[in-house]
Amino acid sequence: MMSDTFNIDGQEIPFTPGQSVMQAALTAGVFIPHLCYHPEFRPHGSCKLCTVKVNGRPASSCTLPAAAGMEVESNTPEILDKRRSLLQMLLVEGNHFCPSCEKSGNCQLQALGYELEVFTPHFNQFYPNRPVDASHPDILLDLNRCILCELCIRASAEVDGKNVFSLSGRGITKHLIVNAESGKLGDTDFALTDKAAQVCPVGVILPKRIGFAVPIGQRHYDAAPFSAHVDEFKPTAASQGERS
Amino acid sequence: MNAPRKLKVATASLAGCFGCHMSFLDIDERLLDLLELIEFDRTPLTDIKHVGANGPVDIGIIEGGVCNAENVHVLRDFRANCKILISLGACSVNGGLPAQRNHLDLRDILKAVYSTDTGLASGTQVPNDAELPLTLNMVHPLHEVVKIDYFIPGCPPSGDAIWKFLTDLLAGQTPHLGHGLIHYD
Ligand code: SF4
Ligand code: SF4
Ligand code: FES
């Protein structure tokens with residue numbers, strides 16, 4: 001039932017009622033940058049990478065319901081600049097040393113940096129002191145790279161029914177914690193097969209013993225840029241209309 | 001008509017591993033084309049000791065971050081003498097591998113390396129000589145110390161990326177690195 005359309009940068013996008021601007025765009029094969037969006041989960045609206053301008057006002061396309069006749073600006077120099085700044089802030093806020101990161105080549109933050117030609121983190125580095133938790137037999141948790149997208153929290157609570165992760169603190173002290181008395185992942189019932197072990201867009205939740213197994217050139221984002229992977233992010237039938 | 005003046009290029013490696021310089025040489029025979037357009041001032045390849053000693057430099061290229069007082073000095077010298085300053089490689093862009101010591105206490109690191117580590121000759125101490133540049137508490141990317149005009153990330157950036165960037169720049173256009181040339185690792 002594709003009744004109505006809106007437009008993104010002049011291109012007509014059909015949508016079904018209840019779809020977000022992001023869902024409709026991805027369904028039509030139009031790429032909008034995103035990090036906290038995941039096709040199988042309700043939108044979170046926290047990373048703001050998907051910011052667009054609708055009738056002249058900024059909005060997060062992953063949480064904004066599509067409406068007929070909307071005029072959406074996405075790939076304008078102004079918005080691309082803002083998205084670059086957001087990526088740069090994420091990069092300096094954590095410790096992102098890609099050459100020694102097992103997620104390199106498969107990382108959405110990095111792939112978006114390439115996509116938007118982020119040559120430099122620009123801001124002063126925070127170099128925070130964040131822990132690495134190797135207590136779990138199968139999974140390494142390297143919090144140096146957490147961007148607080150809450151995908152692992154959502155997956156563990158909603159799909160795995162385990163509530164392994166939560167956030168603690170506010171503002172700049174906000175950080176991911178493990179729900180165990182010791183705070184250690186090894187003291188939870190977290191398993192490699194959990195949905196929460198599959199959703200981290202960056203290099204925090206890493207399966208052990210397979211690091212760097214895939215050679216450079218064959219990693220997920222080596223052959224084609226992030227924007228060429230829209231199909232992987234198209235909303236699933238289940239996630240349609242499930243927005244809250 | 002006279003051939004246009006060759007642009008003067010200076011390079012240095014600070015807290016880097018010389019990998020970016022090796023990658024620069026990896027542009028292979030294109031180096032000869034480049035030498036039609038540029039001449040080198042201070043670089044590890046020439047024996048010129050001070051940047052700009054023979055007049056102002058057009059393009060300065062620096063590999064590696066800033067980890068000690070001498071790095072700060074060389075970097076400021078480059079900034080003062082180069083019209084355009086380029087930060088080359090992961091370490092100069094975000095501190096890179098050397099900056100992974102930043103959350104540790106410098107005194108603890110020096111002690112671990114020079115006095116408590118196993119296998120050290122007896123009596124080994126933390127070096128302390130006026131000739132040695134003082135180590136900074138933290139390693140910093142170049143742009144936290146001086147203004148940087150352009151950045152080429154990568155560990156190291158490939159010869160092709162360096163070539164593309166420099167030829168764009170020499171042609172007077174904004175340098176672009178498309179997919180496959182821009183990388184952080
Ligand atoms: S998480 Fe991504 S951006 Fe961060 S260090 Fe790893 S590959 Fe690089
Ligand atoms: S660990 Fe990964 S999935 Fe979880 S909040 Fe951090 S970045 Fe997101
Ligand atoms: S993808 Fe929309 S706010 Fe993160």
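Start at the interface of chain B and chain A, where one salt bridge is found. The model is predicted. Select Asp185(B) and Arg219(A): these two form a salt bridge, with their closest N and O atoms 2.7 Å apart. Between chain B and chain A there are also 13 residue pairs in polar contact, both residues of each pair being at pLDDT 80 or more. To see which elements of chain B are involved, colour α4 (90–94) and β6 (135–140) of chain B, the elements that give two or more residues to the side touching chain A. By residue type, that side of chain B divides into 14 nonpolar, 12 polar and two charged residues.

Now show the whole contact surface. On it, 28 residues of chain B are in contact with 27 residues of chain A. The two chains bury about 2200 Å² between them, and carbon and sulfur atoms account for 58% of that area. Add His179(B) and Tyr184(B) to the selection of Asp185(B): together the three supply 34% of the area that chain B buries against chain A, more than any other three residues.

Next, display chain B alone. Chain B has six helices and seven strands. Followed from the N terminus, its elements run β-α-α-β-β-β-α-β-α-α-β-β-α. The C-alpha trace of chain B spans about 70 × 40 × 30 Å along its principal axes.

Hide chain B and turn to chain A. The domain assignment splits chain A into domain 1 (4–75) and domain 2 (97–222). Give each domain a colour; their C-alpha centres lie 26 Å apart. Across the boundary, 14 residues of domain 1 of chain A are in contact with 16 residues of domain 2 of chain A. The area buried between the domains is about 1200 Å², with 66% of it from carbon and sulfur atoms. Select Leu35(A), Phe41(A) and His44(A), which supply 52% of the area that domain 1 buries against domain 2, more than any other three residues.

Stay at this boundary and look for charged pairs. Two salt bridges are counted between domain 1 and domain 2 of chain A. Select Lys195(A) and Glu40(A), whose side chains meet in a salt bridge at 2.9 Å, N to O. The interface of the two domains also holds six residue pairs in polar contact, with both residues at pLDDT 80 or more. The side of domain 1 that touches domain 2 is made up of eight nonpolar, four polar and two charged residues.

Then select Thr51(A), which is in strand β3 (residues 51–54) of chain A. The side chain of Thr51(A) reaches the backbone oxygen of Lys48(A) at 2.6 Å. Leaving aside neighbours within four places in sequence, show the other residues in contact with Thr51(A): Pro58(A), Ala59(A), Ser60(A), Ile79(A) and Arg83(A).

Finish with a sheet in chain A. Select β6, β7 and β10 of chain A, which form an open sheet of three strands in the order β6-β7-β10 with antiparallel pairing. β6 (132–133) and β10 (205–207) are at the edges with a single partner strand each, so one side of each has no neighbour in the sheet. Zoom in on β6(A) and β7 (residues 139–142) of chain A, which pair in the antiparallel sense over two bridges. Asp133(A) stands opposite Leu141(A) in β7(A).

Methods:
Residues numbered from 1 in each chain as written. Chains lettered and ligands numbered in written order. Heavy atoms only, no water. Pairing = 2+ DSSP bridges. Helix = DSSP H or I, 4+ residues; strand = E, 2+ residues; numbered from the N terminus. Domains from an automatic or database assignment. Contact = heavy atoms within 4.5 Å. Buried area = accessible area lost by both parts, 1.4 Å probe. Salt bridge = Lys/Arg side-chain N within 4 Å of Asp/Glu carboxyl O. Polar contact = N/O pair within 3.5 Å; in protein donor to acceptor, adjacent residues only side chain to side chain. Nonpolar A, V, L, I, M, F, W, Y, C, P; charged D, E, K, R; others polar.
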